[in-house]
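Colleague: I'm new to this one and would rather see one part properly than everything at once. Could you pick a sheet, take a close look at it, and then show me what lies around it?

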Amino acid sequence: MPTSALIESDRKHLIHPVASLRAHEARGVTILESGRGAWLRDIDGNELLDAFSGLWCVNTGYGHESIVRVATEQMSRLPYATGYFHFGCEPAIRLAEQLIDKAPKSLRHVYFTLGGSDAVDAAIRYITNYYNATGRPQKKQFIALERGYHGSSSVGAGLTALPVFHQNFDLPLPHQHYIPSPYPYRSESGGDPQAVIAESVAALRAKVAELGAERVAAFFCEPIQGSGGVIVPPKGWLKAMRDACRELGILFVADEVITGFGRTGPLFACEGEGVEPDLMTVAKGLTAGYAPMGAVLMSDEVYQGIADGAGTRAAVGHGQTYSAHPVSAAIGLEVMRLYHEGGLLANAAAQAPRFEAGLRELLAHPLVGDARSRGLLGALELVADKATKRRFDPALNLSEKIASTAYRNGLIFRAFNDNILGFAPALCYTGEEFGVLFERLKKTLDTVLDAPEVRAAM
Ligand code: PMP
């Protein structure tokens, strides 16, 4: 099909996730065609350096023949096996074992999903079931962070605290509550790590007190907030929140959909912080985007509560046709091998200082107010005035301008609201590729700075 016909057909029929439908109709689709390592090629033959790993998922980079091989072999042997009732398949069993082996040791059981949203949804359903089954049906209030993202399911999108996920969807639900983000750059305490941590713990305690601890089920958080603008809390924040939840008698759920699988350095961010959550959600890097899969991991206490509490042998009514899909699981096993024996975690650790230094150097740029990162997850926050941290007027649509300029310069990253630029390079990036990333990024920022409407707004 010619490109113009594809674009026209897309415009007519395909609804794109998290897009303004009218803006998409006007703009048309950008069609990506192939990928190798950290590089993508679009349908017009443009070579693009992907600094966002697709959607923070292709942690291995594109085009790994070994992943293609295991997927093909699994497809020929057994393309599908139900996990319902008492059926199963070897790749899923082995992947569950590996996850439990490598996850924080509080986590003993795995339920496989199709992605992150339904992992969050499953976590919420299992928590609800746990409290009902253990005789505490009043514990149904959920707390999450402002600017948090926990997927797009009908309930999870309510825990997500980004306005577009709520507007016109009748969210949040009455039992969903938020406390402020641990946002050093914009904190009232000026970013002092201990103060940021203390403010968060105090906010959680206050919210639990307001709702009544006997009514609160759980606190959900991302170890580093991704879609809310790559907000990196101080080291020690995660542990402080975990400990506070234990004291308050509420479950602590770490949503590691982005931070998992080497994104922040260790396999899981919880591991790097010495944190043992009650439940953890993962997706994305689990299969590096080569096939859809997510998972919710839970402690033995939660599992046993669900298993025993009902006092019956009734089925636990949660399931999907493609839970523990054999092809996704086989891919997950190979991806895990690449992270460890394949040297990707080691490469990410070796490259992370280069990434951090490149972002920090850009603090000298007139547009850049903040540079933050952990491992290979980072952001630049652009401001109209560095002294006051004043944001650009949203009407300027600067994020869109930056993303399109970057694309013309052969670079893909994510430009969020509030002019935050997010980066999540693949764990296979070489030093040379980081060089290209920062050269193209600097060029992009310079072009944007030269625009008269941007100058006028500063
Ligand atoms: N939780 C977090 C922290 C995420 O970043 C995402 C996706 N960006 C999700 C959940 C939802 O995952 P999915 O898009 O695979 O449904």
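Modeller: Here is a walk through one sheet, followed by the pieces around it. Two bits of housekeeping come before that. Residue numbers start from 1 along each chain, following the sequence as written. The model is predicted, so local features need a pLDDT of at least 70 and side-chain atom pairs count only at pLDDT 80 or more, while totals for chains, interfaces and linings use all residues.

Let's begin with the sheet. It is open, it has seven strands with mixed pairing, and their order is E4-E10-E9-E8-E7-E5-E6. The labels come from DSSP runs numbered from the N terminus: H or I runs of at least four residues for helices, E runs of at least two for strands. Strands count as paired if DSSP finds at least two bridges between them. At the edges sit strand E4 (107–113) and strand E6 (176–179), each with pairing on one side only. On average, neighbouring strands in this sheet are turned by 20° against each other, ignoring direction. For angles, axes are lines fitted to C-alpha atoms (for helices, over the stretch in contact), and values run from 0 to 180 degrees between N-to-C directions.

Zoom in on one pair. Strand E9 (residues 279–282) runs antiparallel to strand E10 (residues 294–299), with four bridges between them. If you want a spot to click on, Met280 faces Leu297 in E10.

Now add the helices. H6 packs on the sheet at about 30° to the direction of E10, and it touches E4, strand E7 (216–221), strand E8 (251–255), E9 and E10. Contact here means that the C-beta atoms of two residues, placed from the backbone, lie within 7 Å. Helix H12 (residues 300–309) runs at about 90° to E10 and lies across E4, E9 and E10.

Helix H5 gives you another link to this region, through Leu99, which is found in that helix. Leu99 counts as buried because it has 23 C-beta neighbours inside 10 Å. The scale is simple: 20 or more other C-beta atoms within 10 Å of a residue's own is buried, 12 or fewer is exposed, and in between is partly exposed, with C-beta atoms placed from the backbone. Setting aside residues up to four places away in sequence, Leu99 touches Val110, Ala295 and Leu297. Leu99 and Leu286 are 187 residues apart along the chain, yet their C-alpha atoms are separated by 9.4 Å.

Just before H5 there is a loop worth a glance: Gly88 lies in the stretch between helix H4 (65–77) and helix H5 (90–102). With 15 C-beta neighbours inside 10 Å, Gly88 counts as partly exposed. Beyond its neighbours within four places in sequence, Gly88 is in contact with Ala81, Gly83, Ile93 and Ala324. From Gly88 to Ala324 the C-alpha distance is 8.0 Å, across 236 residues of sequence.

Back to H6, since the ligand involves it too. The shell around the ligand has 15 residues, and the closest are Gly115, Gly116, Ser117, Gly151 and Val257. A residue is near the ligand if its C-beta atom, placed from the backbone, lies within 6 Å of it. Helix H6 (residues 116–133) gives the largest share of that shell, three residues. By type, the shell splits into five nonpolar, eight polar and two charged residues. In that count, Ala, Val, Leu, Ile, Met, Phe, Trp, Tyr, Cys and Pro are nonpolar, Asp, Glu, Lys and Arg are charged, and the others, Gly among them, are polar.

Finally, zoom out. The chain divides into domain 1 (31–63 + 346–457) and domain 2 (67–339), with bounds taken from an automatic or database domain assignment. Their centres, taken over C-alpha atoms, are 27 Å apart. Where they touch, domain 1 puts in 26 residues and domain 2 puts in 20 residues. On the domain 1 side, helix H3 (53–56), helix H14 (344–361), strand E11 (368–374), strand E12 (377–382) and strand E15 (420–423) each supply at least two residues. That side of domain 1 is made up of 13 nonpolar, seven polar and six charged residues.

One of those strands, E15, is covered on both faces, with Ile420 and Gly422 buried on one side and Leu421 and Phe423 buried on the other. E12 and E15 run antiparallel, joined by four bridges, and Leu380 sits opposite Leu421 in E15.
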